[in-house]
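Me: I've got a structure open and I'd like to go through the labels people put on it. Can you take me through the reasoning behind them?

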Amino acid sequence: MDHLDLEHGLKKPWIETPLIESATLSKAAGCRIFLKLESLQPSGSFKSRGIGNFILTCLSDPSHNGRTLHFYNSSGGNAGLAAVIAARDLGYACTIVVPLSAKPMMIQKIRAAGASDVIRHGASWFEADAYLRETFIENEASKSDPLVRNIYVPPFDHPDIWRGAGTLVDEIVKQLPPRHYGKPDSTCSFPADAIVCSVGGGGLLNGIVGGLERHLPAYQPTTLPDKAMKKVQVLAVETAGADSLAHSLSKGYLHPLPAITSQASTLGALCVAQQTLKNAQSPPPGIEVTSIVGTDADAARGVVRLCDELRLQVELSCGISVQVGLDRLREVMTDLTPDSRVVIIVCGGNDISSEMITDYRQKLEDGWQ
């Protein structure tokens with residue numbers, strides 16, 4: 001990614017985030033828990049990486065030279081905020097189309113971040129997206145000003161977005177302590193045994209799988225047979241009612257959910273990307289992907305736990321990974337030991353406030369399951 005910065009004098013619209021080890025969460029999980037704090041990205045979520053890389057890559061396209069670019073994204077949440085902030089920081093305009101169901105708090109945040117416009121249209125993200133494409137992208141050729149070009153920014157389904165999300169793995173490799181502190185390791189195992197991430201449309205999962213695929217060859221000795229190689233586990237976590245990956249896996253092919261019924265609305269893609277299903281069904285060598293579904297109450301427990309233990313505020317779509325990463329690891333990793341290293345992606349999110357956390361806490365005390 002850095003060659004883009006040097007060549008065009010452009011600053012990456014995302015940051016390297018801290019990776020911290022939590023003693024209290026490690027004790028609860030029975031292994032070493034590391035948290036990758038994507039909630040500290042400029043937009044408040046990991047979306048800064050993927051969408052930032054998509055926009056940065058667009059700016060390096062020579063066919064755009066001499067034109068004024070205007071970016072367009074359809075999202076009621078984190079993707080929209082990431083698109084506005086990345087475009088703004090690189091000096092470009094960005095318009096967001098949100099569904100009528102988008103929360104006023106999110107619309108206010110997107111406007112405050114510097115959106116050129118926030119247009120409300122359609123009952124769902126699908127309708128908002130269709131309107132955006134038809135109104136601003138597909139009619140591009142008929143526009144009167146040929147020097148202005150509208151660019152569609154997909155929320156999750158694009159290789160440039162996955163590559164941006166994959167930079168997270170580059171950082172994890174650097175940030176995790178070496179396993180044997182200078183001693184030779186006969187299995188040359190990867191620095192992490194497992195990575196836990198939330199899945200909406202699958203941009204984050206695709207980035208993690210792609211990042212692992214790039215790095216794993218350096219950790220896999222050619223002397224060992226494939227069966228002897230220990231695979232890196234990727235736990236793909238969703239909430240019931242927004243479990244589009246689990247739904248397609250159960251069908252055996254890409255199939256949309258009939259509706260989103262989970263409160264974790266930013267996981268609310270009716271259907272994952274085709275590449276996401278492929279990565280879950282047949283991941284690259286050395287990687288094993290496991291789909292796990294929890295409840296909205298599980299997600300709320302994760303939110304409350306992260307607030308209490310680390311004073312971090314995250315939304316439900318992130319809380320579900322925290323909770324699963326602590327309470328259901330042994331279901332997947334039967335060989336878990338106190339030395340196993342598990343990285344939980346604290347993917348962040350903006351659909352949260354202290355009042356909402358207080359509400360979750362009360363509902364959980366009242367028996368929310």
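**Checking the labels**

Reply: Sure, let's start in a loop: Arg-311 sits in the one between α11 (296-310) and α12 (316-327). Keep in mind that this is a predicted model.

Me: What makes Arg-311 count as exposed?

Reply: The label needs a relative accessible area over 50%. Arg-311 has 67%, so it is exposed. There's also something to see in its backbone: phi of Arg-311 is near 60°, a positive value in a residue other than glycine.

Me: And Ser-45, is that one buried or exposed, and how do you know?

Reply: Buried means under 20%. Ser-45 has a relative accessible area of 1%, so it is buried. Ser-45 is a loop residue too, placed between β2 (32-37) and α3 (47-59).

Me: Which residues is Ser-45 in contact with, leaving aside its neighbours within four places in sequence?

Reply: They are Glu-38, Asn-78, Cys-347, Gly-348 and Gly-349. To be listed, a residue needs heavy atoms within 4.5 Å.

Me: Why is Gln-233 called buried?

Reply: Same kind of test. The cut-off is under 20%, and Gln-233 comes in at 12% relative accessibility, so it counts as buried. Gln-233 belongs to strand β8 (residues 232-239). With neighbours within four places in sequence left out, it is in contact with Asp-193, Ala-194, Ile-195, Glu-288, Thr-290, Val-332 and Met-333.

Me: How far is Gln-233 from Arg-214?

Reply: They are 19 residues apart in sequence, and their C-alpha atoms are 16 Å apart in space.

Me: What makes β8 as a whole "mostly covered"?

Reply: Count its buried residues: eight of its eight qualify. In a regular strand the side chains alternate between the two faces of the sheet. In β8, one side has Val-232, Val-234, Ala-236 and Glu-238, the other has Gln-233, Leu-235, Val-237 and Thr-239, and all of these are buried.

Me: How do you know that β8 pairs with β9?

Reply: Pairing takes at least two bridges. Eight bridges join β8 to β9, and the two strands run parallel. To find the match by eye, look for Val-237, which stands opposite Ile-292 in β9.

Me: Which strands does β7 pair with?

Reply: Strand β7 is joined to β8 by five bridges, running parallel. Three bridges join β7 to strand β10 (residues 341-346), again parallel. With a threshold of at least two bridges, both count as pairs. Ile-195 stands opposite Val-234 in β8, and Val-196 stands opposite Ile-344 in β10.

Me: What makes β7 count as mostly covered?

Reply: In β7 (residues 194-198), five of its five residues are buried. Ala-194, Val-196 and Ser-198 are on one side, with Ile-195 and Cys-197 on the other, so to speak a covered strand on both faces.

Me: Which residues of helix α9 are buried, and what do they pack against?

Reply: In α9 (residues 244-251) the buried ones are Ser-244, Leu-245, Ala-246, His-247 and Ser-248. They pack against α8 (203-215), β8, α10 (274-281) and β9 (287-294). Just after the helix, Gly-252 takes a positive phi of about 90°.

Me: Now zoom out. Why is the chain called as compact as a globular protein of its length?

Reply: First, the chain has 14 helices and 10 strands. Its radius of gyration is 20 Å, close to the 21 Å that the globule rule gives for 369 residues, so the description holds. The C-alpha atoms fill a box of roughly 65 × 55 × 40 Å along the principal axes.

Me: How many of the contacts join residues at least 24 apart in sequence?

Reply: Taking contacts between residues at least 6 apart, 71% do.

Me: What about burial and the surface overall?

Reply: Buried residues make up 55% of the 369 in the chain. The accessible surface comes to about 15900 Å², and 53% of that belongs to carbon and sulfur atoms. For charges, there are 34 positive and 40 negative side chains, with the centres of the two sets 3 Å apart.

Terms used: Residues are numbered from 1 along each chain as its sequence is written. This is a predicted model: local features need pLDDT of at least 70, side-chain atom pairs count only at pLDDT 80 or more; totals for chains, interfaces and linings use all residues. Side-chain values use heavy atoms; hydrogens and water are left out. Helices (H or I, at least four residues) and strands (E, at least two) are DSSP runs, numbered from the N terminus. The radius of gyration is taken over C-alpha atoms; the globule rule is 2.2 Å times the number of residues to the power 0.38. Buried means under 20% relative accessible area, exposed over 50%, partly exposed in between (1.4 Å probe, protein chains only). Accessible areas come from the Shrake-Rupley method with a 1.4 Å probe; for residues, only the protein chains shown count as cover. Lys and Arg count as positive and Asp and Glu as negative; His and the chain ends are not counted. The place of a charge is taken as NZ of Lys, CZ of Arg, CG of Asp or CD of Glu.
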